[in-house]
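Colleague: I should like to go through the strand pairing and the charged side-chain contacts of this structure with you. Could you please display the sequence and the model?

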Amino acid sequence: MASPCTPTAISAFLLILLIHSGHSPAAAFYLPGSYPQRYRPGDTLAAKVNSLTSPSSKLPYPYYSLPFCAPPDGVRHAAESLGELLLGDRIETSSYRFSMLNNTTPLFLCRTDPLSPDAAGLIKSRIDDAYQVNLLLDTLPVMRYVKNPIAPDVLLRSTGFPVGVRADDGEYYVYNHLRLAVLVNKQNGTTRVESLMATADGAELIGLNNGGGKEGGGYTVVGFEVVPCSVDHDAASVKDKNMYDEIASKAASGCDPSVVGMRVQGDRPLVFSYEVAFVESGVEWPSRWDAYLEMGGARVHWFSILNSIVVVAFLAAIVLVILLRTVRRDLAQYEELGGGEAGGAQADELLAGWKLVAGDVFREPSHPVLLCVIAGDGVRILGMGVVTIVFAALGFMSPACRGALVTGMLCFYLVLGVAAGFTAVGVWKTMRQGDAAGWKVVAWRATFAFPGVGFAVFTVLNCVLWYNGSTGAVPFLLFLVILLLWFFVSVPLTLAGGLVASRVRHVEFPVKTNKIARQVPVAQCSPWVFVAVAGTLPFGTLFIELFFIMSSLWLGRVYYVFGFLLVVLALLVTVCAEVSVVLTYMGLCVEDWRWWWRAFFASGSVALYILGYAVYYLVFDLHSLAGPVSAALYVGYSLLMALAVMLATGAVGLGASFCFVHYLFSTVKLD
């Protein structure tokens, strides 16, 4: 059976087809690359397990690192994508098995050997660090509902369930009995989408033969819930039990999470059991992820967008005033007075400020190779972000396909090496007015600049995870695969982009550059102060959305409001361009022609505020973060994220300022 996340061209075609059709999306729409798996009554369902995770410790561990029950046929790894491995997901088979629509009484799973002191201490440590057990059924994570202690009528929802609990008496208890509920939806026929897909291969692909025969139908899994309990099973009475035998215990009379029984202590075995109930639900299969993706706070997202629009409009008004009133008015008056002798003095008076630096404004900046390289890397990162968010907003990266988002980002980043090489060499050739000498050095450095820094940080953090035995560590073979992808995909594409840029026509400067540089007047205030302050405006457009992104990265919440994120990204790019244009114009007005680097950092300085927000988030939202290893992971990835944002926004500011300066000096006629 094919994986329900198999990407197909047919899925993309059906998406376009359904958009233009008049049918209800709820009745016939599936996320591209996903499809329902049908089950008949009596069909076997097998839950899978993922890594143990904790909100206070960022070190995921294998599920079977604790003495849980292994399946009778042995533990096998489930099919994993590149993104899953990079995220630390390790999906494996489990001993939890049941049949469709067959409710069960408590079933015996296993009885462990008496716990050694080390094993008991490890379980207690996992409980102290609030580690969660993550089960999966038909790609759905298990969900747990608990009462809100502040508002008892409100249920709090979370994925997974704790390994155990520490009671008020200081003793540790493990959740050894699970009351599982599987929500199913009965399908009465084949949907229009499935009928279109039911070709020779499509029938097997979407599971029609496994879900009701030629008439379609069958049941789909639309929910997976759990109530964990700690039940004091009598270890002696289950000594002769086999796996999946029925047992009579306190669990049969009810599963109360507030009552604990199975204490963790040395030289005492643990007994595990479970029961299953199937519940028919009115939730349709296309809507089964709504409970997981509902982030809430829609008004907050809209407020963020409206706030950003106000900032964009304010800056746009300033830019329009500069372009339409100041610049065009000065140019019109200069052309009107410059032709007559009587107007010579007034023309000389108008020929001041930014017009005096015409012979130096396109002078090559300091460290030109570095500027070209980081501009190319910034374009690559920005392109990766835009393409990934667009595909995610269109639904091509379903949450059912775990790791699809990370896999897509990596693939787009590798392919967009062409854009990095082309931009870096293109800027280099433009600076040197058509002289492409040295473009190979620029292209080679573009292949290793940000990727090299990122890979170095990733390697150090991965070694830390390896040392601690965490599943977050990338396996050695995958590590080699990433290296090979870098050298055999990213590097050639980057060099190819640089080669193309070295042979295409460059942008001509509208004015000639003087041989001797003009002296820059001493400024009353350092222009870099304005550069640092300018970062507040781009940060103001994204800081609200940044909270949800950080919560998704570090608190395990699902982020899937990519439509909002796409709008925020568009507004961020606009603000970055406007901020850099305004600061560039302000610098030129005081006869400071060194605008290249300031234009880059005027918008790139938003990274400073993102780092500041990361510190704030660590102190006030991740105050339960435990251990130096978790702190090192947080700091390392936060620095890498800030660097990527700086390069992307800086490239936007540099490009916008160059277009502005080129337009500005191409409209004035200077002798």
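Colleague: In what order do the six strands of the open sheet lie?

Modeller: Please note that this is a predicted model, in which local features need pLDDT of at least 70 and side-chain atom pairs count only at pLDDT 80 or more, while totals for chains, interfaces and linings use all residues. Residues are numbered from 1 along each chain as its sequence is written, and side-chain values use heavy atoms, with hydrogens and water left out. Strands (E, at least two residues) and helices (H or I, at least four) are DSSP runs numbered from the N terminus, and two strands pair if DSSP finds at least two bridges between them. The pairing in this open sheet is mixed, and the order is β3-β14-β12-β13-β7-β8.

Colleague: Which are the edge strands of this sheet?

Modeller: An edge strand here pairs on one side only. That applies to β3 (107-111) and β8 (155-159).

Colleague: Which residue of β13 is the bridge partner of Met143?

Modeller: Strand β7 (residues 143-147) and strand β13 (residues 219-229) run parallel and are joined by two bridges. In β13, the partner of Met143 is Glu225.

Colleague: How many salt bridges does the structure hold?

Modeller: Side chains of opposite charge can pair when their charged atoms come close. A salt bridge is a side-chain nitrogen of Lys or Arg within 4 Å of a carboxyl oxygen of Asp or Glu. By that criterion the total is 11.

Colleague: Which residue is linked with Asp73 and Arg76 in a network of salt bridges?

Modeller: Arg76 forms a salt bridge with Asp73, with the closest N and O atoms 2.9 Å apart. Arg76 has a relative accessible area of 45% and is partly exposed (buried means under 20%, exposed over 50%, partly exposed in between, with a 1.4 Å probe and protein chains only). Asp73 is also partly exposed, at 42%. The network that links these two residues includes Arg97.

Colleague: How many residues apart in sequence are the parts that Glu364 and Arg432 tie together?

Modeller: The side chains of Glu364 and Arg432 meet in a salt bridge at 3.9 Å, N to O. Glu364 lies in the loop between α9 (344-350) and α10 (368-393), and Arg432 in the loop between α12 (417-431) and α13 (439-448), so the pair ties together parts whose separation in sequence is 68 residues.

Colleague: How far apart are the closest N and O atoms of Arg518 and Glu591?

Modeller: Arg518 is partly exposed, at 31% relative accessibility. Arg518 forms a salt bridge with Glu591, and the closest N and O atoms are separated by 3.2 Å.
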